[in-house]
Amino acid sequence: EKYQYSFVNDQSKTTRMRLRLLFNNALSGFAIVLILLFLFLSRRAAFWTAFGIPFCFIAAFTAFPVFNITFSAIALSGLIVVLGIVVDDAIVMSDKIIFYQERGLKPKEAAYSAVKDLVMPITLSTLTTIIAYMTLLSLGGRPGKFVVAIPTIVIIILIVSLIESFFFLPHHISSGRNLGKKEKPGWFLKMESAYRKSLIIVLNKKIIFMGLALLLLITSLVSAKLFLKFRMFPQSAIETFYIKVEGPNNYSLNKTENIVKDIEKIIRQLPKDELESFTSRIGHHSMSKTKNYGDHENWAIINVFLTPDISRDRTAAEIIAEVKKKYKSPENIRIFFETKKVGPIQEKPITVYLSSNNDHNLNTSVKVVENILKDMKNMGVADIDNSRKPGKEELVINIDQNKLASLEISTEDVAQVLRIAYEGQIVTDMQTLEEKIEYRLLLNEKSRKDELILEKIGVKNSEGALILLDKFVSFKTKASDLEILHRNGLRSVTLSASLRKSKISAIEAAEIIKNRINSTKKIPKEVIIEIAGEALKTNIIMKDMKTAVIMAVIGIFLVLALFLNSWEKAFVIIAVVPFSTIGIIIALFIHGQPISMFVLLAAVGLIGVVVNDSIVMTDTLSLSLNKLSQKNTLINNIAELASQRLRPILLTTLTTLGGLLPMAYGLGGYEKMISPMSLAFSWGLLFATIITLYIIPSIFLLFLCRRLK
């Protein structure tokens, strides 16, 4: 009863809250998708189209163990991304069946005709989306493993959706009584008419419209380059931070503990809805929960565990700022604040390695770079740390080699005697019934602490005479390093820092440091300087993402050209892809979001989704190309054909938006890491759809109808 216990760092609570939040958003998205389906389609078509969502999801769940996917927040975000996409094939198929029924065909005849018409475009649109997400599987390292569940889930569900759209959906919609010929709702006919009229205007001014669209694209890309910040994994959802304490070298464990207790008093003052728990450990700086031994008596670390980010108003950065403000550390005490990084990149934002075996040059370079970091404090650089820590004073023994030689003593003899005196040497042992007892010869504890005793230690020369050390050595004391680090065989010092309330990203900070180092003449050329940390990891991920984008675009283009047997059609379809970035960039500007890993995932995945509407539009125009025989009716005919595809294009876009927007705007709760992905995907798709409805017919008119002019 005299003992108490409490849970610390209970990650299950955070996991449950995050899963609940994502599930609520998924449920909201599903409800919106259902409403849209019943609004645009007949009740039978809407019901069986919506039926595909649970059907595909259940199939995906059965595949989770095969691909070693756990039901995590990342996996659930993948399900949210695909929530609206999964019904795209079914919507196009349902719309085509209804299209033929509205023209008087019997249900089964309408279903057969729809499948016959759409076997190529639906297969192609699904394949292009799969190719886009498949390139994300090529991301390497920890970031690739971190997000691998998203593309895997999307690909599985899209394959199941394709099967369901061809083999189950047509049968379900065509079953039952024939409803006969039926017109579209009046409100939608007005929408088609408005679109047709606006498209005619655009087609008549196609060069001007396409020029304006290109100008908007270029402007948005330049603005993103100049003004948007790049943070691969934004650290706004931090739930753990560390306070590292460094006292003077002569501090005992008790003195260090007293410093820690003063800091603990301030931590206890944090509100209960912000502070979950905290632990303090004296003797080391390790963040590991399993370390059970100390390193230095003057070191300590406090682990502060906050409540889940989604349940509190203040961020970890604001809480850290309050603790810093309240605790005024003594001059001889150094305090460092570090946060537990969110995402697979665990390195500090700023890390600089300096290496050289010339101590003087290395120390000079360290001071120069340290001053560069201090000059960047106004940019947000904080908590500058140096891996070269001062250790206790060491005694240096200088040997007069000439005297040593004249006395016929070797340096090895001196070293051996000193080693025996202070470390000891086993001289004999005694075996008892229970154990073997070893006897070690060395100076007693009092003598080992007496510097003067060294002068009275004797060393035998080659003739067996005992010579005292004070005859040929001198002693001096100097400050020692706590530890000597090496990098690639050279002595190395690491400088690191964090970015708080930063006006720059880790990449920008690294570039500034690099330029300032190159411009200074105070650093000797032999010193090797490497800039690493978060900036280096981010650049590696960026290269992988660029490769994924290039692979996706080339792969989709080749597949389109192969299936359609036309380079021109493939170009028309994929031409809309760059315009999706306009919506993403505008969304980031409006909502104050940086470019992050999840935004880039949305951009790559969007490549495959965006071309789906282009395929539907191009396929309709291509199938009816022979009807466009009169030059004077060319524009009107293209506008008429394009308006026939308004319903499936509009509905596929709206259902995808309906599945994503609850997550993007946090209708069921805002998830700071994943919500930006839904936001970028939604806005990118919205702008790409608007562009598709006008750009595709315009390009089609320019390139594919030249033979009619």
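The following exchange asks why certain labels apply to this predicted model.

User: What makes a local feature or a side-chain value count in this model?

Analyst: As the model is predicted, local features need pLDDT of at least 70 and side-chain atom pairs count only at pLDDT 80 or more, while totals for chains, interfaces and linings use all residues. Residues are numbered from 1 along each chain as its sequence is written, and side-chain values use heavy atoms, with hydrogens and water left out.

User: Why are helices H4 and H7 described as they are relative to each other?

Analyst: The axes of H4 (residues 88-102) and H7 (residues 149-167) come within 8 Å and cross at roughly 15°. Angles under 35 degrees count as roughly parallel, over 145 as roughly antiparallel, 65 to 115 as roughly perpendicular and the rest as oblique, and H4 and H7 are therefore roughly parallel to each other.

User: Which residues make the contact between H4 and H7?

Analyst: With contact meaning heavy atoms within 4.5 Å, Asp89, Ala90 and Met93 of H4 meet Ser161, Leu162, Glu164, Ser165 and Phe166 of H7. These residues of the contact of H4 with H7 divide into 4 nonpolar, 2 polar and 2 charged, where Ala, Val, Leu, Ile, Met, Phe, Trp, Tyr, Cys and Pro count as nonpolar, Asp, Glu, Lys and Arg as charged, and the others, Gly among them, as polar.

User: Why are H18 and H19 called oblique?

Analyst: H18 (residues 534-564) and H19 (residues 567-574) pack at an angle of about 135°, with their axes 8 Å apart; by the ranges already given, H18 and H19 are therefore oblique to each other. The residues of the contact of H18 with H19 divide into 12 nonpolar, no polar and 1 charged.

User: What is notable about asparagine 565, and how do you know whether it is buried or exposed?

Analyst: Asparagine 565, in the loop between H18 and H19, has a positive phi of about 55° although it is not a glycine. Its relative accessible area is 71%, and buried means under 20%, exposed over 50% and partly exposed in between (1.4 Å probe, protein chains only), so asparagine 565 is exposed.

User: Why is the pair of phenylalanine 47 and tryptophan 48 given its label?

Analyst: Rings of Phe, Tyr and Trp (its six-membered ring) pair if their centres lie within 6.5 Å, and planes under 30 degrees apart count as stacked, over 60 as edge-to-face and the rest as tilted. The centres of phenylalanine 47 and tryptophan 48 are 5.0 Å apart and their planes stand at 80°, so the pair is edge-to-face. At 45% relative accessibility, phenylalanine 47 counts as partly exposed, and tryptophan 48, at 21%, counts as partly exposed.

How values were computed
Axes fitted to C-alpha atoms, helices over the stretch in contact; angles between N-to-C directions. Helix = DSSP H or I, 4+ residues; strand = E, 2+ residues; numbered from the N terminus.
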